[in-house]
Amino acid sequence: MNPPIDKRKIAESFSRAATTYDSVASIQKRSANHLVDILRTHTPHSARLVPFLEIGAGTGILTDLLLQIGLSRGTITDIAPAMVETLRQTYGQYPNLSIACLDGEHLALGTRFKSILSASTFQWFSSFHEPFLSYWRHLETGGVFAFCMFVHGTLRELHAATEAVGCRYPGHPLPDEHKVLSAVSESRFCIEHFSIVETPLTFPDTHTFLSTLKSIGSTNAVGSPLDPTALRRAIRLYDETYRSPAGVTATYRTLYVLARKLQ
Ligand SMILES: C[S@@+](CC[C@H](N)C(=O)[O-])C[C@H]1O[C@@H](n2cnc3c(N)ncnc32)[C@H](O)[C@@H]1O
């Protein structure tokens, strides 16, 4: 069984990252843009998507894109208090947007939405069935549930380098896409789109790559601190094994899903 994900640690590390997130979140920006492209293809009339609920809004990368396509009425949420404070500073004056600090894995708002949207957040969830069922209950009939998230195979180079030197992987295991897609359909949604995109990112060296993870807020949400000697060995191996003239590579696998509540 996977070790439990510590919500307090997640909220703390994303809160610490609230001021650095935007400058390093390149894969998250790409993913949010692609999610919005999928959303526009399947639901060209944005009026049918409001009011929307956004889970794990962070600093508002997806929120900005939603506003640009005309989704100006909704509720934007995050679990990390400092992220929510950033959202309040950016969107507090928007008359039709409300902002809330909540755990999207345990949703009980007593209101319904026409869409529930999320980018690069569900990989921090411990479970999918209960939350997705609650999203189904929070949607109007015909409502859209669309999200992207990182799945198994993401940061495979870091997995391999840590395993090779006997160092514990400094994160939690990510679900594979089948598990997530099963949870979507078992929650009574009809899946209209799913796809996987692999994106190799390049960093000057492994140290910079790991610092970027920290600046994004992606730190260890399970288990105890790592042995520094083992970690140094893993970094050295990573630098040697995954280097090209452009730098070291870290691969992300992103799952995109658009589903609908039909009845
Ligand atoms: C990688 S950031 C993505 C932020 C934004 N959606 C974007 O695309 O840039 C993940 C966000 O999810 C939030 N988060 C993690 N677990 C959450 C949960 N259970 N409920 C709500 N938000 C959560 C984190 O605080 C963080 O702001």
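**Reading the ligand site and a helix pair**

Tutor: In this predicted model, 20 residues surround the ligand, and the closest are Tyr21, Gly56, Asp78, Asp103 and Gly104.

Student: What makes the pair between Gly56 and the ligand a polar contact?

Tutor: A backbone N or O atom of Gly56 lies 2.7 Å from a ligand nitrogen atom. The cut-off is 3.5 Å for N or O atoms, so the pair counts. Ile79 also offers a backbone N or O atom, 3.3 Å from a nitrogen atom of the ligand. From Asp103 comes a polar side-chain atom, 2.7 Å from a ligand nitrogen atom.

Student: How do you know whether the ligand is buried or exposed?

Tutor: Taken alone, the ligand exposes 590 Å². The protein buries 100% of that.

Student: Which class has 12 residues in the shell around the ligand?

Tutor: The nonpolar class has 12. Five residues of the shell are polar and three are charged. Helix 1, residues 7-16, gives the most to this shell: three residues.

Student: Why is helix 1 called oblique to helix 5?

Tutor: The two helices pack at an angle of about 45°, with their axes 6 Å apart. Roughly parallel needs an angle under 35 degrees, and roughly perpendicular runs from 65 to 115. The angle falls in neither class, so helix 1 is oblique to helix 5.

Student: Which residues make that contact?

Tutor: Helix 1 brings Ala11, Phe14 and Ser15. Helix 5 brings Pro81, Ala82 and Met83.

Student: How do those residues divide by class?

Tutor: Five are nonpolar, one is polar and none is charged.

Terms used: Residues numbered from 1 in each chain as written. Predicted model: local features only at pLDDT ≥ 70, side-chain atom pairs only at ≥ 80, totals over all residues. Heavy atoms only, no water. Near = heavy atom within 4 Å. Polar contact = N/O pair within 3.5 Å; in protein donor to acceptor, adjacent residues only side chain to side chain. Areas by Shrake-Rupley, 256 points an atom, 1.4 Å probe, with all protein chains shown as cover. Helix = DSSP H or I, 4+ residues; strand = E, 2+ residues; numbered from the N terminus. Nonpolar A, V, L, I, M, F, W, Y, C, P; charged D, E, K, R; others polar. Axes fitted to C-alpha atoms, helices over the stretch in contact; angles between N-to-C directions. Parallel < 35°, antiparallel > 145°, perpendicular 65-115°, else oblique. Contact = heavy atoms within 4.5 Å.
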